[in-house]
Amino acid sequence: MQLLSQPLCWTKHGEVDPSRPPFYRSPVFAVLDGRLCTSFGPKHIEKGHKLPGAPALTSEQKAAIALAEQIAEAQHHAMQLRRGDIQLLNNFTVLHTRTAYVDWPEPARRRLLYRLWLSAPDIRPATEYVKEWEAGILLNGTRERIVL
């Protein structure tokens, strides 16, 4: 997976400071300080490489991403969150995703999901992916808040 150990372009999903590019570069697999660090978001990478200023993905990179997706799918562990469940994942070592769902039409029955990103200093060395999301970005007109 040498190709996925090279920096790839990841979209910032439109959360862009006008003075910076609309993408950042980070590998899927990195060994930093002798420790494996992973981040994998095929759609985020594909979108990142389509942004202005980013190079197009090569056919070899596309094949490497597709192979990594196949391996991840073959090794996946399916689970279903139920009311009151808590799921803790280490974003430095675990590849994870969500499947689609259909919500209830009645507001009282709709899914309520809180996502809390905890930071554990020194759990793993930070890749550029981690640095980008740890730093965050506040766009004009936005503010940090929690609404209950």
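Start with the surface: Ile86, Leu88, Leu116 and Leu118 come together there as a nonpolar patch, and their accessible area adds up to about 560 Å². Keep in mind that you're looking at a predicted model. Take Leu118 as one member of that patch. You'll find Leu118 in the loop that runs between α2 (59-74) and α3 (128-135). Its relative accessible area is 66%, and since anything over 50% counts as exposed, Leu118 is exposed.

## The whole chain

Now zoom out. The protein has 148 residues, and 22% of them count as buried. It contains 3 helices and 4 strands. What order do the elements follow from the N terminus on? They run β-β-β-β-α-α-α.

The accessible surface of the protein is about 11,700 Å², and carbon and sulfur atoms own 54% of that. What about contacts between residues with a separation of 6 or more? In the protein, 62% of those contacts link residues that sit 24 or more positions apart.

## Thr38 and its company

Next, look for Thr38 in strand β4, which covers residues 35-38. Is Thr38 buried or exposed? Its relative accessible area is just 5%, and under 20% counts as buried, so Thr38 is buried. Which residues does Thr38 touch, once you skip those up to four places away in sequence? The list is Val28, Phe29, Asn91, Phe92, Thr93, Val94 and Leu95.

## Arg124, reaching across the chain

Arg124 sits in the loop between α2 and α3. With a relative accessible area of 23%, Arg124 is partly exposed. Leave out its neighbours within four places in sequence, and Arg124 is in contact with Arg35, Leu36, Cys37, Phe92 and Thr93. Two names there may ring a bell: Phe92 and Thr93 are also on the list of residues that Thr38 touches.

Leu36 deserves a second look. Its backbone oxygen lies 2.9 Å from a polar atom of the Arg124 side chain.

How far apart are the C-alpha atoms of Arg124 and Asp33? They are separated by 8.7 Å, although the two residues are 91 residues apart along the chain. Asp33 itself is in the loop between β3 (29-32) and β4. Asp33 is exposed, with a relative accessible area of 71%. Its backbone has something to notice as well: phi is near 50 degrees, a positive value in a residue other than glycine.

## Glu128, at another long-range meeting

Helix α3 is home to Glu128, which is partly exposed at 39% relative accessible area. Which residues does Glu128 touch, not counting those up to four places away in sequence? They are Tyr24, Arg25 and Ser26. Glu128 and Ser39 are 89 residues apart in sequence, yet their C-alpha atoms are 9.7 Å apart in space.

## Charged pairs

Side chains of opposite charge can pair when their charged atoms come close. How many salt bridges does the count come to here? It comes to 2 salt bridges, and here they are:

| Salt bridge | N to O distance |
|---|---|
| Lys43 and Glu46 | 3.7 Å |
| Arg109 and Glu106 | 3.9 Å |

Where do Lys43 and Glu46 lie? Both are in helix α1 (residues 42-48), 3 residues apart, and that spacing is about one turn of the helix. Glu46 is partly exposed, with a relative accessible area of 26%.

In the other pair, Arg109 counts as partly exposed at 44% relative accessibility. Glu106 counts as partly exposed too, at 36%.

## Cysteines without a bridge

Finally, the cysteines. A disulfide is a covalent bond between the sulfur atoms of two cysteines. How many disulfides does the structure hold? It holds 0 disulfides.

Two cysteines are still worth finding. Cys9 has 0% relative accessibility, and under 20% counts as buried, so Cys9 is buried. Cys37 is buried as well, with a relative accessible area of 1%. You've already met Cys37, as one of the residues in contact with Arg124.

Technical notes
Residues are numbered from 1 along each chain as its sequence is written. This is a predicted model: local features need pLDDT of at least 70, side-chain atom pairs count only at pLDDT 80 or more; totals for chains, interfaces and linings use all residues. Side-chain values use heavy atoms; hydrogens and water are left out. A disulfide is a pair of cysteine sulfur atoms within 2.5 Å. Buried means under 20% relative accessible area, exposed over 50%, partly exposed in between (1.4 Å probe, protein chains only). Patches are made of residues with over 30% relative accessible area and no salt bridge: like charges are joined within 9 Å, nonpolar side chains (Val, Leu, Ile, Met, Phe, Trp, Tyr) within 5 Å. Accessible areas come from the Shrake-Rupley method with a 1.4 Å probe; for residues, only the protein chains shown count as cover. A salt bridge is a side-chain nitrogen of Lys or Arg within 4 Å of a carboxyl oxygen of Asp or Glu. Helices (H or I, at least four residues) and strands (E, at least two) are DSSP runs, numbered from the N terminus. Contact means heavy atoms within 4.5 Å. A polar contact is a pair of N or O atoms within 3.5 Å; within protein, one must be able to donate a hydrogen and the other to accept it, and residues adjacent in sequence count only if both atoms are side-chain atoms.
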